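The following text walks through two parts of a predicted model. Please keep the sequence and the structure open while reading.

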Amino acid sequence: MGRLACGHRGEGRYSLLNMTVARCLICLGLVSVILSGRAHESYDLVVYGGTSAGVISAVQAKRMGKTVVIVGPDRHLGGLTSGGLGWTDTGNKAVIGGLARDFYHRIWKEYQKDTTWSFQDRSEYGGKGQGTPAIDGKNRTMWIFEPRVAEKVFEDYVSDYDIPVYRDEWLDRENGVTLSGGKIATITMLSGKTFQGKMFIDATYEGDLMAASGVDYHVGREGREVYGEDWNGVQTTVLHHRHHFGAVPNPVSPYIVPGDPNSGVIPRVSDQHPGVRHEGDSKLQAYCYRMCLTDDPRNRIPFSEPEGYDPRQYELLGRIYQAGWRETFDKFDPIPNHKTDTNNHGPMSTDNIGFNYDYPEASYERRREILKEHESYQKGWLWFHCSDPRVPKDIQAKMNSWGLPKDEFVDNGHWPHQIYVREARRMRGHYVMTENELLQRRKTPESVGMGSYTIDSHNTQRYITPEGYVQNEGDIGVKCPPYKIAYGALLPKKAQCENLLVTICVSSSHIAFGSIRMEPVFMILGQSAATAASLAMDAKGAVQDVSYESLSAQLLKDGQILEYEVPFKEGGLRILYPGILDGVVVDDERAELTGYWKSSTASNSYLSYGYKHDNNQAKGDAGAAFKTLLPKAGMYAVQFAYTANSNRATNVPVTIHHMKGKTTRFVNERITPPVDGAFIDLGVFQFAADGPAIVTVNNANTDGFVVIDGMRFIEK
């Protein structure tokens, strides 16, 4: 048996000396040997996956006095945090507490050392991330960092806490999970190593242990109706970021002979119908490698032509440049020592759209093929920029000034060891997190941590529009406030498994996972999961039966942030969320729209994630229907939300459809709404129980910008 701390592969039969050592370890409660002759490593907690969530889970278990092991396919600890994502997607940093914040404190400590600044003077680095300084001296944290530094911090964790790590160990997904009495008893790797535990945590991006344990999960996007969400399912016509062809000055043809459908379709464009908006499908948002690049000649390895390079795979990219695209370097986000965390940006960037659909369920061999395809695509994308004459000369020259850093990923050809698995399986567990919790439409029970990052999905497919042009689909970016994450989202249904917690592939809808999937959140959930596992062991019960009173008390003691009230600054941004308002609120994003409406957040006060206006054009063509089912029949006050300004219309027609017919009110949107600074009263009306309450707005004959922000029904 190899050394526990290093996770070396075993050497087969025990020698007499090894047997003596094994017996000693048995006495310590660390190792047991079963009669078959195969060694079982036995621990209180077995963590499958050496991701950021996995390491933090193990640290918390050790802090609570438990024996713990990390085992998994990772050769490097930290997952994506040490795999290239150094430009941390944090959202509101005030909700990052506990060991997650400790991680960023340890990063800060590393950058206090002169030796960490290999290629840049510390005083020269003025990086910012999401509007805040990268180096926060006041709070002794640093949010932006190099992969090698992050990996060192994770290695320090397992060293400081004496946590054994078994690397390059792959779960036998067919026969490797032994269940007994509704619990996992052991898990076995393809190498033959078996690990016994009282509790287990799946900390992988793929959710392999969860799936092999027979726990329910989902892959792909749910339809809008499954959880009553606005942003789930197919999102044709929604163009939120500049990752789509609406940002290209001229339309791009998808056909080999531009404009001729009979000539065939160029590579990396699908000729399949994209689906109907809000319908569910099995497609996944795109993956990429978060490349770490440098323009420092002392550390730079110039790009070269990759094996099997085919410039025809980038025909679309050539056409995009010919159509006027010039934002190539907008997401070469700077990290210390003249390096970048390079993320996807633009209509054909580092995201390999449509080539990851089978990844979550694929065999290990097939996953390796998918990873190789993504690596080849991105290296080819870089080389196309460096060498193809269709790339503008200034962009080509600049790309040739970049390269892979000599001091990063030194055992992997200087290429990231972790692909960005933005989404794979998602558990269908004890509680499902949806956009309704994130956007405060519904209260979240039993918080074990918080998230706050924008609800974010990258593109899912690249298709041909009815007009015959290329379009990307699936890109979503919806602002949300800090939100709670339910303990039940970490738990399988009790009938399926009583001693498993899931820290990455948590129980959530596709669109809610778009915000939850941030690395700081995974670390937060890792600490909370290990805390719950420890308490369940102490109580000798199921994880579903852990006392939330005890759990929350321990989490708060250990620095987790379980709730957060957004501070209000006079004259600053004021956002009202439906979940904190009285009555039934229908936001403009839930309205049925006709004609042209433009989304905006220009006002300093609005509901949820913005409002819409008609751009003061096409009068009579734009309409909106706010529909909802009220809890019971009766009299309701109807209130209309808009944002006031001197350029608004003074005569906006708003029609209430009620039991006695229709009533139209004309609203002057130049006047600040008197109710909560957001709503104006339209009157009290009677509504039936067996039909929807409907209020419509249109822009016919209006004398300025027409704004819609929401409708509210309050029982009288």
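**A buried helix and an open sheet**

In helix α7, the buried residues are Leu316, Leu317, Gly318, Arg319, Ile320 and Tyr321. The helix spans residues 315–322, and six of its eight residues are buried, so α7 is largely enclosed by the rest of the structure. What do the buried residues of α7 pack against? Their partners are two helices, α8 (364–387) and α9 (393–399), together with the strands β13 (255–257), β23 (461–464) and β24 (470–473). After α7 comes Gly324, which has a positive phi, near 115 degrees.

Helix α8 contains His385. Is His385 buried or exposed? Its relative accessibility is 0%, and because buried means under 20%, His385 counts as buried. Beyond its neighbours within four places in sequence, His385 is in contact with Leu317 and Tyr321, both of which are among the buried residues of α7. The other contacts of His385 outside that sequence window are Thr328, Val391, Ile395, Gln396 and Met399.

The second part is a sheet. Four strands form an open sheet in the order β29-β41-β35-β38, and their pairing is antiparallel. At the edges stand β29 (584–587) and β38 (679–687); each has a single partner strand, so one side of each is left without a neighbour in the sheet. On average, neighbouring strands of this sheet are turned by 20 degrees against each other, direction ignored.

The partner of β29 is β41, which covers residues 710–715. These two strands run antiparallel and are joined by four bridges. Within this pair, Val584 has Phe713 of β41 as its bridge partner.

Key: Residues numbered from 1 in each chain as written. Predicted model: local features only at pLDDT ≥ 70, side-chain atom pairs only at ≥ 80, totals over all residues. Heavy atoms only, no water. Buried < 20%, exposed > 50% of the residue type's maximum accessible area, 1.4 Å probe, protein only. Contact = heavy atoms within 4.5 Å. Pairing = 2+ DSSP bridges. Axes fitted to C-alpha atoms, helices over the stretch in contact; angles between N-to-C directions.
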